[in-house]
Amino acid sequence: MKAVFLDAETLGADVDLAPIETVTGEMEKYPRTSPEQILERIRGFDTVLVNKVVLSREHFEACPELKTIAVVATGLNNIDQEAAKAQGIRVMNVTNYGRSTVAQHTMALILALATRLVDYDRDVRAGRWGQSSMFCLMDHPIMELEGRTLGIFGYGDLGQGVVERAKAFGMNVLLGARPGQSAGEVDGYSRLPMDELLPKVDVLSLHCLLTDETRNMIGTRELKMMKKHALLINTSRGGLVDEQALADALRAGIIGGAGFDVLAEEPPRNGNPLLADDIPNLIVTPHSAWASREARQRIVEITARNLSSV
């Protein structure tokens, strides 16, 4: 196997790539690869590893020796899968590596928003506590999670991890039938059509892949169906939510808050509606929910096992 990793830096310098190197026998590594460098760097290799580098039909047609693409991540939206299939190229990805860290990050966003953690921290640092006429500040409403309803779109490994942790806080759970998915019952939880689910939830957490069916699945219409105090969490994929619609809804008080670890463009070099500084009760983190060292090392180990089956 002759392999090249086009954006090895995306896994971090503290990750040990030895499991992959052992399986491939020979692997060339580049920290990053620009679109203009892709063809030059994949020629002559039968196996290409990428995280976020985009591979398209032109690359496959120009490299007939290419047999395997290993995406060292879950999402496959950076690979032209139809073109790869037409060229007989096997595409593999990594799943079930980030349950603990993504679920932990999701709960951190929920807890921070429900307790108004960022707002109270900001008030303290601005001196407002020191100026208070009594022993505490109560300027921002706090939501108790116990007894509240969590809605989940995407009840796979990550969604299940969030459900486990939410139940430890005493939350009730409902599942959402994403576009094209049937309603019913799963693991004892009701799976409801979107229009039926949204008015019922106090927290909505998204764990879907980005597809043509799920793109902008939450927009102005859907946000208006939610409770005014409801929280919207997205640690899955940018593009699942209409970001301008969400920014407007938060400013207007249509929903209570939002926590996002993903944006439609990453990094947001051209700005983003959710990065404005006048949006209340919004937390945006830089696609870091997956990034514990333990999870990143699991990605390497799972990728190595995938490649060993080639």
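Helices (H or I, at least four residues) and strands (E, at least two) are taken here as DSSP runs, numbered from the N terminus. The model is a predicted one, so local features need pLDDT of at least 70 and side-chain atom pairs count only at pLDDT 80 or more, while totals for chains, interfaces and linings use all residues. Residues are numbered from 1 along each chain as its sequence is written, and side-chain values use heavy atoms, with hydrogens and water left out.

Start with the loop between helix H6 (117-125) and strand S6 (149-153), which is where Met-138 lies. Met-138 is exposed, at a relative accessible area of 60%; the cut-offs are under 20% for buried, over 50% for exposed and in between for partly exposed (1.4 Å probe, protein chains only). Together with Met-134 and Phe-135, Met-138 makes up a nonpolar surface patch with about 400 Å² of accessible area.

Two sheets come next. Strands of a sheet pair through backbone hydrogen bonds, either parallel or antiparallel; here, two strands count as paired if DSSP finds at least two bridges between them. One open sheet has 5 strands in the order S2-S1-S3-S4-S5, with parallel pairing. Strand S2 (26-29) and strand S5 (90-92) sit at its edges, each pairing on one side only. From one strand to the next, the twist averages 20 degrees. Within this sheet, S5 pairs with strand S4 (residues 68-71) in the parallel sense over 3 bridges, and Thr-68 stands opposite Arg-90 in S5.

The other open sheet has 8 strands, in the order S8-S9-S7-S6-S10-S11-S12-S13, and its pairing is mixed. Strand S8 (184-186) and strand S13 (282-284) are the edges; each has a single partner strand, so one side of each is left without a neighbour in the sheet. Strands S10 (residues 203-206) and S11 (residues 231-234) run parallel and are joined by 4 bridges, with Leu-204 opposite Leu-232 in S11. Across S6, strand S7 (172-177) and strand S9 (189-193) lies helix H7 (residues 157-168), running at about 175 degrees to S6. For such angles, axes are lines fitted to C-alpha atoms (for helices, over the stretch in contact), and values run from 0 to 180 degrees between N-to-C directions.

Finally, Ala-62 belongs to helix H3 (residues 57-62) and counts as partly exposed, at 31% relative accessibility. Neighbours within four places in sequence aside, Ala-62 is in contact with Leu-39 and Arg-43, contact meaning heavy atoms within 4.5 Å. Ala-62 and Phe-169 are 107 residues apart in sequence and, C-alpha to C-alpha, 54 Å apart in space.

How values were computed: Patches are made of residues with over 30% relative accessible area and no salt bridge: like charges are joined within 9 Å, nonpolar side chains (Val, Leu, Ile, Met, Phe, Trp, Tyr) within 5 Å. Accessible areas come from the Shrake-Rupley method with a 1.4 Å probe; for residues, only the protein chains shown count as cover. A salt bridge is a side-chain nitrogen of Lys or Arg within 4 Å of a carboxyl oxygen of Asp or Glu.
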